[in-house]
Amino acid sequence: MYNVITASNLTLGNITCKKKMENSKEDYKIQSLDLETQKLLKTALKALSLPSEPSTVDLEKVSNVIVDQSLKDQVFSKEAGRICYTIVQAEAKHNNGNVFRRNLLNRLQLEFVAREDTRLRSLQEWVCFVTFICNVFDYLKVNNMPMVALVHPVFDCLLRLAQPDSLNNEEEVDCLVLQLHRIGDQLEKMDGQKMDELFYLLRDGFLLQEGLSSMARLLLLEILEFRAGGWMLSDTAQKYYYSEVTD
């Protein structure tokens, strides 16, 4: 049993589990998708693996299916970046093309523009979108560097999660902290000033905002310390937040 060593007996065990799941090297699984979607993705991957044959796969449709599924399935949104990476690599080898990546970025742009409407309509869909765009940022690289086109949209999404109304929602705080654990270091290397801006909001939220839940406040404290430690926790902090306590 994982408990934080505090009087309130809160736990960050769920964060630990999610981070381990997201960092897993297991192959992504599409068996949970409907049969038509499974068939489309498998057909695309198979066709692109045959460089000698012209591809008849509608890669625009494939990209839309992946985005649509990511917006309604939080588990899939955490794996979708890996799927996108696989398709981008396969298409590049197949015909040196970038149809899939271009359509994926266009669709992400549309969803990004509509992000506030999405949040108002469905908090779950909004959290899925943030998870997905951060996942794509993590996996898709250009010359082994993060895609510049995604840096500011990702920052804008995280900055939105750091606003007072979002900090009052544990689901959004949880999403924010998970993404920063995953890609915070990469983002800071791309734009340290924006990262400072984000953490000013998180610091002020932690210190000044009224009405935060105990869990939200604990999550904020942990991520503040995580960045201050160079995107890692000291052994002492690790024990404080995630100590294993025997009943």
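## A helical protein, seen through its helices

Let's start with helix α7, which covers residues 123-139: at 1.5 Å a residue, its 17 residues should span 24 Å, and its end C-alpha atoms are indeed 24 Å apart, so the expected and modelled lengths agree. Keep in mind as you look around that this is a predicted model. The protein has 13 helices and two strands, and the points below take you from the whole chain to a single residue.

**The whole protein**

- Of the 247 residues in the protein, 49% are buried.
- The protein exposes about 12,900 Å², and carbon and sulfur atoms supply 52% of that area.
- Take the contacts with a separation of 6 or more: residues 24 or more positions apart account for 68% of them.

**Helix α7 and its partner α3**

- Is α7 mostly covered or mostly open? It is mostly covered, with 14 of its 17 residues buried.
- Helix α3 (residues 59-72) meets α7, with axes that come within 7 Å and cross at roughly 125°.
- Angles from 65 to 115 degrees count as roughly perpendicular and those over 145 as roughly antiparallel, so α3 and α7 are oblique to each other.
- On the α3 side, the contact is made by Ile66, Val67, Ser70, Leu71 and Lys72, while α7 brings Gln124, Glu125, Cys128, Phe129 and Phe132.
- Sorted by class, the residues of this contact between α3 and α7 are six nonpolar, two polar and two charged.

**Helices α4 and α5**

- Helix α4 (residues 74-95) and helix α5 (residues 99-113) have axes that come within 8 Å and cross at roughly 140°.
- That crossing angle makes α4 oblique to α5.
- Which residues make the contact? They are Cys84, Ile87, Val88 and Glu91 of α4, together with Val99, Phe100, Arg101 and Leu104 of α5.
- The contact of α4 with α5 has six nonpolar residues, two charged ones and no polar ones.
- A handy rule to try on the model: an α-helix has 3.6 residues a turn, so residues three or four places apart point the same way.

**A closer look at Ile87**

- Ile87 lies in helix α4.
- Is Ile87 buried or exposed? Its relative accessible area is 0%, and buried means under 20%, so Ile87 is buried.
- Leaving out residues up to four places away in sequence, Ile87 touches Leu45, Leu48, Leu59, Val62, Ile66 and Phe100.
- Two of these names may look familiar: Ile66 also takes part in the contact of α3 with α7, and Phe100 belongs to the α5 side of the contact with α4.
- Ile87 and Ser49 are 38 residues apart in sequence, and their C-alpha atoms are 9.4 Å apart in space.

Technical notes. Residues numbered from 1 in each chain as written. Predicted model: local features only at pLDDT ≥ 70, side-chain atom pairs only at ≥ 80, totals over all residues. Heavy atoms only, no water. Helix = DSSP H or I, 4+ residues; strand = E, 2+ residues; numbered from the N terminus. Buried < 20%, exposed > 50% of the residue type's maximum accessible area, 1.4 Å probe, protein only. Contact = heavy atoms within 4.5 Å. Areas by Shrake-Rupley, 256 points an atom, 1.4 Å probe, with all protein chains shown as cover. Expected span 1.5 Å × (residues − 1). Axes fitted to C-alpha atoms, helices over the stretch in contact; angles between N-to-C directions. Parallel < 35°, antiparallel > 145°, perpendicular 65-115°, else oblique. Nonpolar A, V, L, I, M, F, W, Y, C, P; charged D, E, K, R; others polar.
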